[in-house]
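Hi,

Here's the structure I promised to pass on. Have a look at it first, then read on for what turned up where the chains meet.

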There are 4 protein chains.
Amino acid sequence: MVIKVAVAGPRGRMGKEAVATILKNEDFLLVSVLDHKKEEEFFGDSIPIFTSLQELIFQTEPHVLIDLTVPECVYEHAIIALENGVRPVIGTTGFTDLQLEEIRKKAEEKEIGCIIAPNFSIGAVLMMKFSQMAAKYLPNVEIIEMHHDQKVDAPSGTAIKTAQMINEARMTFEQGHEHEEEIMDGARGANFSGMHIHSVRLPGLVAHQQVLLGGEGQLLTLRHDSFNRTSFMSGIVLSINEIMKQNKLIYGLEDIIL
Amino acid sequence: MVIKVAVAGPRGRMGKEAVATILKNEDFLLVSVLDHKKEEEFFGDSIPIFTSLQELIFQTEPHVLIDLTVPECVYEHAIIALENGVRPVIGTTGFTDLQLEEIRKKAEEKEIGCIIAPNFSIGAVLMMKFSQMAAKYLPNVEIIEMHHDQKVDAPSGTAIKTAQMINEARMTFEQGHEHEEEIMDGARGANFSGMHIHSVRLPGLVAHQQVLLGGEGQLLTLRHDSFNRTSFMSGIVLSINEIMKQNKLIYGLEDIIL
Amino acid sequence: MVIKVAVAGPRGRMGKEAVATILKNEDFLLVSVLDHKKEEEFFGDSIPIFTSLQELIFQTEPHVLIDLTVPECVYEHAIIALENGVRPVIGTTGFTDLQLEEIRKKAEEKEIGCIIAPNFSIGAVLMMKFSQMAAKYLPNVEIIEMHHDQKVDAPSGTAIKTAQMINEARMTFEQGHEHEEEIMDGARGANFSGMHIHSVRLPGLVAHQQVLLGGEGQLLTLRHDSFNRTSFMSGIVLSINEIMKQNKLIYGLEDIIL
Amino acid sequence: MVIKVAVAGPRGRMGKEAVATILKNEDFLLVSVLDHKKEEEFFGDSIPIFTSLQELIFQTEPHVLIDLTVPECVYEHAIIALENGVRPVIGTTGFTDLQLEEIRKKAEEKEIGCIIAPNFSIGAVLMMKFSQMAAKYLPNVEIIEMHHDQKVDAPSGTAIKTAQMINEARMTFEQGHEHEEEIMDGARGANFSGMHIHSVRLPGLVAHQQVLLGGEGQLLTLRHDSFNRTSFMSGIVLSINEIMKQNKLIYGLEDIIL
């Protein structure tokens, strides 16, 4: 069966890649896009553009809605989609707990799948999940994340998420030497529940993270390099295929890949 | 409860480390060792030395027998131990299928645990297992193993085992470019069911392996460094604790750690 | 002084980047381009296009000619440029020894600089040069080069060039164990004068190389990652600046950067 | 010619390795050792032990004195050795400027070599020197040093030395984004003249450092792994051979290896 897909936010950086990915995948059919304005020339007339999700669903009957728009719209989109039997695949975070609960209830009521994934990169999700699994046996952990020097905040969201996941799996304790001393402030990085996080920023870098887990006489290193945006597309393809088999809300790719 | 432990092969390189590890662990009590000869001065009389396993069990009643002797003896040791209600933790490979089957039956009959672990390094086992899990989603894999230049054979046993485990998780296919050409023989390494394995040998190196899994726009790297023999000890400690809760044969640490 | 630059081959992948790089650099002025055909709309009239190098030089008087065309043209371009007092910066290999000799003589006769650089990536050139310097003290070397899986040949040209440079600095000897044995063919990689070269090919990768130099108890690793084509541009900028100070043929960036 | 060598401080960790290294090297002859007390059984009578350096030189006439004693003694040792025509190879830091000046003058007066090396690991010295050379072209630098978790101070002395050397080669500037923001304190590491230094501490690690130099589209990584103390011995061997050819004070191995 060919899966009919609609894309909300087709003009953004992620949206453009998603449109290209769906167009070249034989198992998927791009039936329509949702945009905030209608520009005739967008896909040379071949893909209809809508500004109303209701209208889009009514006229083009997608199985799946890929939503790559801004956080302000996604909750409403998700509810409308689920109401109409369309499965949402959402790449935005920023839902309130209440909104998540509403989406969860609606998916269960309609008995169809819905995926919310803060990170569509399968490799990054595997790195995070493996770190959590390994920390149970090798609880001494340091995280080094490396990004281009145009990134403003440090540490990265992925590094913090990784530390949170690891923290669920290990007892909390202060790592390093009891009398550890920083000759220069900050040398030992950020301290997250006793774990240390280091942020490297250099021109040329894209998005990289390594998790180091040390034990007596050994070191386990889990590293993910994201060289460009296409690394997210395999996760979107996986989500579209997987959501057809699900009948409830899935939060995070880790719940469907491991 | 303190676990009473006996060690077979206490004079070998692994055996010495095992003895030291058990002596300094408060949860364990080293009650005796099994050796091929009796040397009075060995542990200054404090730990009795036996040359017969039957005798050792009869007189010192260990819960667990750590067996680090040569392959020729371990099968017999395992059967005797199980017969007498002692749980074997075995760090040797080289059992025949028939022997494994006998051990499995004996453990089930007696309803006690028995662990056979080709590799006691928890980090190495995690690397192998994670590689297998990840290959399902990122099936393009290359393995680079690196050892000191006194190692004769290439690739290493761990690299081959890793490739076998990965192969169970992914469909077999030839990686690389369809018209790939080696300008110099061997450049692309060894070919294991389409996967490539590379063996680096240099003075200074100890034992290291990385598994590289590539996908569109991304790379996942799982790396294990073994800096010295003590890396095996955490796996032995884990096995002693775990075997007390088991009632059958466990083959490979991966079955108890993941 | 602003350096006046002309670009030959402005429509190729490298050429486009070079044009963009020169346009945004305040120290340079792009005065003209040499192309095989004249398309009016190319730079919106602002940059004149020529199909004859003589004409280009006569009318726009560049100080420097960046030549990113095919090997068939570059020799002739270089001679014409030098004859007319224009300094060539050439990013192509494939000259015959005779042609190189002619270019060398012409540059000396005219007392102006000429740069031929097989690799404009400063980082890659540093990696190669440092490898050569280090091999004098740490002569046990292995090279691992890693590229995307659409690359046909293995090892890469850079890996072979690196091995050649290292070979000039160390005595030749067979590395590894005297009785080394490949259980699987190719495991130990390609053998270049006793050094081993390993080629990894995976989707997602771009162009990466690491040179490992082992010694007693230690390992020195020199690694270069090229994430995209812009890595070549810093070498072109450096070459333009440097060529103004030179009065002879320079072959390879290593001669001006170290 | 066989070089006659004496070792001061033969019982310390470095001293023991040095003695073993000299004994197994055919080009060297260990003629005596200097210790604070005389124990007959030390080398089974074969190597004479002295408690006075004057006496040692007078009776055993070494060409070279390897000094691995504490900072309090080395200055006096060096002066006595030089006075008597013996070349000192010193692996201690902590000289005052005045002392260094005196040693320099004495070596020049006597026209013999003297080597003071804060770090005898050739690989580490190469890493530092290459970092300095590369920073001229790739001035965006971050340093990650990694040690076992029993190390008290951070960053390591080698990391600080590396940063100082790099700083001599590049203009000082603040790296990273202009509006960079640490969500968690210390994430960006220690700031050394705009460069960032990160210190990782984990059980299992020995002594490792990587210097990352980023440029547009590329990354150059210079990494040194010290797996055990023997990594220092190649530098001592090199120093003994080299000092015979020198006629002045050499400070740091970099002056003789590059």
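Start with strand E8 of chain A: two chains share a bit of sheet here, as 2 bridges join E8(A) to strand E9 (residues 181-182) of chain D, and the strands run parallel. To find the spot, look for Asp153(A), whose bridge partner in E9(D) is Glu181(D). Bear in mind throughout that this is a predicted model.

Now zoom out to everything that chains A and D share. The contact takes 47 residues from each of these two chains. About 3,400 Å² is buried between chain A and chain D, and carbon and sulfur atoms give 68% of that. Which residues of chain A lose the most area to chain D? They are Val152(A), Met184(A) and Leu202(A), together 17% of what that side buries. By class, the side of chain A that touches chain D has 20 nonpolar, 16 polar and 11 charged residues. Even with those charged residues, the count of salt bridges between chain A and chain D is 0, while 18 residue pairs are in polar contact (both at pLDDT 80 or more). Several strands of chain A each supply at least two residues to this side, among them E7 (140-147), E11 (195-201) and E12 (207-215).

Next, chains A and B. Here 32 residues of chain A are in contact with 32 residues of chain B, and the area buried is about 2,500 Å², with 61% from carbon and sulfur atoms. Phe130(A), Tyr137(A) and Gln218(A) lose the most area to chain B, together 24% of what chain A's side buries. Again there are 0 salt bridges, and 20 residue pairs are in polar contact (both at pLDDT 80 or more).

Which element gives the largest share of the side of chain A that touches chain B? That's E13(A), with 9 residues. E13(A) also pairs with strand E13 (residues 218-226) of chain B, in the antiparallel sense, over 9 bridges. One such match is Leu219(A) with Asp225(B).

Finally, the symmetry. A rotation of 180° with 0.0 Å of shift along its axis superposes chain A on chain B, with an RMSD of 0.1 Å. The two copies are therefore related as by a two-fold rotation axis. The same surface serves both copies, since 100% of the contact residues of chain A recur in chain B. If you want to find the axis on screen, go to Leu222(A), which comes closest to it of the residues of chain A, at 2.5 Å (C-alpha).

Cheers

Notes: Residues are numbered from 1 along each chain as its sequence is written. Chains are lettered from A and ligands numbered from 1 in the order in which they are written. This is a predicted model: local features need pLDDT of at least 70, side-chain atom pairs count only at pLDDT 80 or more; totals for chains, interfaces and linings use all residues. Side-chain values use heavy atoms; hydrogens and water are left out. Copies are superposed by least squares on the C-alpha atoms of residues with pLDDT of at least 70 in both. Contact means heavy atoms within 4.5 Å. Buried area is the accessible area (1.4 Å probe) that two parts lose on being put together, summed over both. A salt bridge is a side-chain nitrogen of Lys or Arg within 4 Å of a carboxyl oxygen of Asp or Glu. A polar contact is a pair of N or O atoms within 3.5 Å; within protein, one must be able to donate a hydrogen and the other to accept it, and residues adjacent in sequence count only if both atoms are side-chain atoms. Helices (H or I, at least four residues) and strands (E, at least two) are DSSP runs, numbered from the N terminus. Ala, Val, Leu, Ile, Met, Phe, Trp, Tyr, Cys and Pro count as nonpolar, Asp, Glu, Lys and Arg as charged, and the others, Gly among them, as polar. Two strands pair if DSSP finds at least two bridges between them.
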